[in-house]
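Reader: I am new to this structure and would be grateful for a guided discussion of it. May we proceed by question and answer?

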Amino acid sequence: MSRRTPMSVTSQNRLVNTVLFVVLALGAVVMIAPLLWMISTSLKTKGEVFALPPVWIPEAPQWDTFTRMWTEAPILSGFKNSVIVAGTVTIVGSVTSSLAAFALAKMRLPFKNAIFIALLSGLMIPYPTLMIPQFVMFSKIGWVDTLLPLIIPLLFGNIIMIFFLRQYLSSVPDSMIEAAKIDGASYLQIFGKMVFPLIRPAIAAQFILWFMTIWNDYLAPILYLNTESKQTLQVVIANLNVEYATQRDYPLIMAASFVALLPILIVFLIFQRQIIESVALTGAKG
């Protein structure tokens, strides 16, 4: 019966690590290729867009596309509206979702499990079945062609975020909450000084996912927003695709798409540390 020497084990580990690195590197290239193509296309001429073989690096980058984009399309107003909607919903909604998760996880409430199950059952209702009743309701109160239907309903929290944070809070000992109550702390003080620092990484991870969803949302804005100056960025880009696709001005469309990507990238870079902490804590608890 042969024994593996430490040298053979080390060599095998190096081989496995090398294979994993190569596979992950190829996967990273495949993932980033569409992004690089989008940036490259935004700097091409119209002829280079349809050239065969494909042109990855334009001979003379057309930087004026990013300047022309702001004057030939309502990108600025769309960007402003998307920031208002996504920023307001995710910031206020994250606070209300955190408070709801804390209440459902740690407070003594009557029928809180039934309330939680009722919230989860709401996820089973597809949005298209609610579109017409919601549109009729918001139309009667005069909210159509405003940003209010995109903001107000979501200020009261996100069911997925509430579920995630509630499960995350289940690992916090109840004795900590009871000790703080005995010392005279209110529930808001307990949440702000004790619970919030513990769940901050989880909130950051869910915040990015929610911000990405709201920022990239197209269905609700196209349903409620008619005036060009009130449309969000995704609707503006979709209109550009309809308007300029016939003129084959794809560099302009790609430049606008690249600008639409920047806020998500910035938010991710800001909260990446908290996301890593969330993954690490989840793994440690598991």
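Reader: In which loop does F111 lie, and what is its phi near?
Author: F111 belongs to the loop between α4 and α5, where helices are DSSP runs of H or I with at least four residues, numbered from the N terminus. With a relative accessible area of 69%, F111 is exposed, because exposed means over 50%, buried under 20% and partly exposed in between (1.4 Å probe, protein chains only). Its phi is positive although the residue is not glycine, and the value is near 60°.

Reader: On what kind of model do these values rest?
Author: Residues are numbered from 1 along each chain as its sequence is written, and side-chain values use heavy atoms, with hydrogens and water left out. Local features need pLDDT of at least 70 and side-chain atom pairs count only at pLDDT 80 or more, while totals for chains, interfaces and linings use all residues, for this is a predicted model.

Reader: Is D145 buried or exposed?
Author: D145 is found in the loop between α6 (128–140) and α7 (148–151). Phi of D145 is also positive in a residue other than glycine, near 65°. The relative accessibility of D145 is 16%, so this residue counts as buried.

Reader: How many salt bridges are there by the rule applied here?
Author: The rule asks for a side-chain nitrogen of Lys or Arg within 4 Å of a carboxyl oxygen of Asp or Glu. One such pair is E72 with R68, and another is R108 with E178. By this rule the count is two.

Reader: What separates E72 and R68 along helix α3?
Author: The side chains of E72 and R68 meet at 3.3 Å, N to O. E72 is partly exposed at 37% relative accessible area, and R68 is likewise partly exposed at 21%. Because they stand four residues apart in helix α3 (residues 64–72), the separation is about one helical turn.

Reader: How many residues apart in sequence are the parts that R108 and E178 tie together?
Author: In this salt bridge the closest N and O atoms are 3.7 Å apart. R108 lies in the loop between α4 and α5 and E178 in helix α9 (residues 174–182), so the pair ties together parts whose distance in sequence is 70 residues. R108 is exposed, at 70% relative accessible area, whereas the class of E178, at 30%, is partly exposed. The sequence separation asked for is thus 70 residues.

Reader: At roughly what angle do the axes of α5 and α8 cross, and what is the class of that angle?
Author: Axes are lines fitted to C-alpha atoms, for helices over the stretch in contact, and angles run from 0 to 180 degrees between N-to-C directions. The axes of α5 (residues 112–121) and α8 (residues 159–169) come within 9 Å and cross at roughly 135°. Angles under 35 degrees count as roughly parallel, over 145 as roughly antiparallel, 65 to 115 as roughly perpendicular and the rest as oblique; α5 is therefore oblique to α8.

Reader: Which residues of α8 make the contact with α5?
Author: Contact means heavy atoms within 4.5 Å. From α5 the contact involves N113, F116, L119 and L120. On the α8 side the residues are I159, F163, R166 and Q167.

Reader: With which residues is S77 in contact, leaving aside its neighbours within four places in sequence?
Author: S77 has its place in helix α4 (residues 75–106). At 18% relative accessibility, S77 counts as buried. Beyond those neighbours, its contacts are E228, S229 and Q231.

Conventions. Helix = DSSP H or I, 4+ residues; strand = E, 2+ residues; numbered from the N terminus.
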